[in-house]
Amino acid sequence: MKNRTLKVGRNDPCPCGSGHKYKKCCLDKAMFEPENLKDLYAKKYKIRLKQAADIEGIRKAGRLTLDTLDLVESEIKPGITTDYINTLVHKFTIKNGAIPAPLNYRGFPKSACVSVNETICHGIPEEQVLKDGDIVNVDITPILNGYYADANKTFFVGTPGPEARKIVRVARKSLSKGMSMLKPGNTIGDIGWAIQKYAEGEGCSVVREFVGHGVGFDFHEPPQVPHFGRRGEGISLIPGMVFTIEPMINLGKKDLVILKDNWTAVTKDRSLSAQFEQTVLVTEQGFESLTPYDL
């Protein structure tokens with residue numbers, strides 16, 4: 001990126017985030033060298049763009065994240081507890097020289113979030129036993145050599161019913177739709193617009209209260225990445241941005257309730273909820289997933 005300028009079309013949204021077209025805003029200003037953009041995004045949005053060494057560090061943490069999810073998937077079956085999953089994650093993370101980011105984060109007591117059926121997110125692992133036909137989301141975030149990567153998947157337990165198959169299919173495709181919007185010059189609003197249009201078109205709903213987020217140097221960084229929105233709105237995407245896309249999709253209505261533990265979020269109507277998440281990097285050509293798996 002060092003000696004290349006950002007390519008922005010005259011009618012594209014201005015990368016300064018003003019909401020105006022480039023030709024009517026900063027076309028004639030010498031502010032789009034990468035180093036200037038780095039300073040601009042840090043000052044205006046508190047977004048810290050990642051350089052090559054940072055990206056490689058996050059990529060390595062991402063590989064560990066995927067290896068952990070693969071281990072969990074191999075153990076998913078009726079009869080195990082959500083705490084058993086947590087123990088798998090914790091031991092494997094430590095064994096590989098990393099730290100589980102969720103543990104003690106703002107008081108969260110476990111090393112992974114494990115969310116079953118109507119639990120949208122932030123399920124605290126305990127002695128809950130998984131049953132045939134359940135769906136379970138496992139959210140993994142290791143810290144490896146100071147870098148964070150964040151990803152999750154929703155798994156079937158035993159043989160899923162038609163409702164479980166539908167919500168998992170829609171949630172998985174929702175992530176794919178959001179990622180399809182990733183390229184310089186598009187906006188964060190484009191991501192949410194694509195997800196919302198698809199999910200609601202399938203008769204499902206998109207959770208509003210929890211969003212994607214910057215990641216890499218810390219567990220949660222700017223920007224926030226809503227999974228709903230309007231096309232063309234929000235911060236313009238530029239190379240070096242690293243964040244998560246993690247749509248939470250409900251089979252019923254979008255409303256939720258937080259339980260007494262102040263963490264666990266469940267659907268208000270107790271309909272099923274599913275989620276898939278990857279950590280992504282905006283590149284000059286489009287994007288790269290730093291926690292890649294098939295969608």
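Modeller: A helix here is a DSSP run of H or I with at least four residues, a strand is a run of E with at least two, and both are numbered from the N terminus. Thr187 lies in the loop between helices α4 (162–179) and α5 (188–201).

Colleague: What should I know about the model before asking more?

Modeller: This is a predicted model, in which local features need pLDDT of at least 70, side-chain atom pairs count only at pLDDT 80 or more, and totals for chains, interfaces and linings use all residues. Residues are numbered from 1 along each chain as its sequence is written, and side-chain values use heavy atoms, with hydrogens and water left out.

Colleague: Why is Thr187 called buried?

Modeller: Buried means under 20% relative accessible area, exposed means over 50%, and partly exposed is in between (1.4 Å probe, protein chains only). Thr187 has 1% relative accessibility, so it counts as buried. Thr187 also lies 5.4 Å from Leu237, C-alpha to C-alpha, although the two are 50 residues apart in sequence.

Colleague: How many aromatic pairs does the structure hold, and what makes Tyr41 and Tyr45 one of them?

Modeller: The structure holds five aromatic pairs. For Tyr41 and Tyr45 the values are 5.0 Å centre to centre and 65° between the planes. Rings of Phe, Tyr and Trp (its six-membered ring) pair if their centres lie within 6.5 Å; planes under 30 degrees apart count as stacked, over 60 as edge-to-face and the rest as tilted. The distance of 5.0 Å is within 6.5 Å and the angle of 65° is over 60, so this is an edge-to-face pair. Both tyrosines lie in helix α1 (residues 34–45), four residues apart, about one turn of the helix. Tyr41 and Tyr45 are both buried.

Colleague: Why is the pair of Phe108 and Trp263 called edge-to-face?

Modeller: The ring centres of Phe108 and Trp263 are 5.1 Å apart and their planes meet at 85°. That distance is within 6.5 Å and that angle is over 60, so the pair is edge-to-face. Phe108 is in the loop between β1 (99–100) and β2 (113–116), while Trp263 is in the loop between β13 (256–258) and β14 (265–267); the pair links distant parts of the chain, 155 residues apart. Phe108 counts as buried because its relative accessibility is 2%, and Trp263 counts as buried because its value is 19%.

Colleague: What makes you say that a charge sits over the ring of Tyr293?

Modeller: The rule is that NZ of Lys or CZ of Arg is within 6 Å of the ring centre and within 35 degrees of the ring normal. The charged end of Lys153 sits over the ring of Tyr293, 4.6 Å from its centre. Arg208 likewise lies over the face of Phe228, at 4.8 Å from the ring centre.

Colleague: How do you know that β2 and β4 pair?

Modeller: Two strands pair if DSSP finds at least two bridges between them. Four bridges join β2 to β4, so the rule is met; the strands run antiparallel. Val116 has Val136 as its bridge partner in β4. Strand β4 is also joined to β7 (residues 151–156) by six bridges, again antiparallel. There, Asn137 has Thr154 as its partner in β7.

Colleague: What makes strand β4 mostly covered?

Modeller: In β4 (residues 135–140), six of its six residues are buried. Ile135, Asn137 and Asp139 are on one side, Val136, Val138 and Ile140 are on the other, and both faces are covered.

Colleague: What is the strand order of the open sheet of three strands, and why are two of its strands said to stand at the edges?

Modeller: The order is β8-β12-β15, with antiparallel pairing. β8 (205–206) and β15 (273–275) each have a single partner strand, so one side of each is left without a neighbour in the sheet. Strand β12 (residues 248–250) and β15 pair over three bridges. Ile249 has Ala274 as its bridge partner in β15.

Colleague: What is unusual about phi at Asn117 and Asn262, and is each residue buried or exposed?

Modeller: Most residues other than glycine have a negative phi, and most peptide bonds are trans. Phi is near 55° at Asn117 and near 70° at Asn262, both positive. Asn117 has a relative accessible area of 15%, so it is buried. Asn262 has 63% relative accessibility, so it counts as exposed. As for peptide bonds, the one from Pro222 to Pro223 is cis, with omega near 5°. Pro223 is in strand β10.
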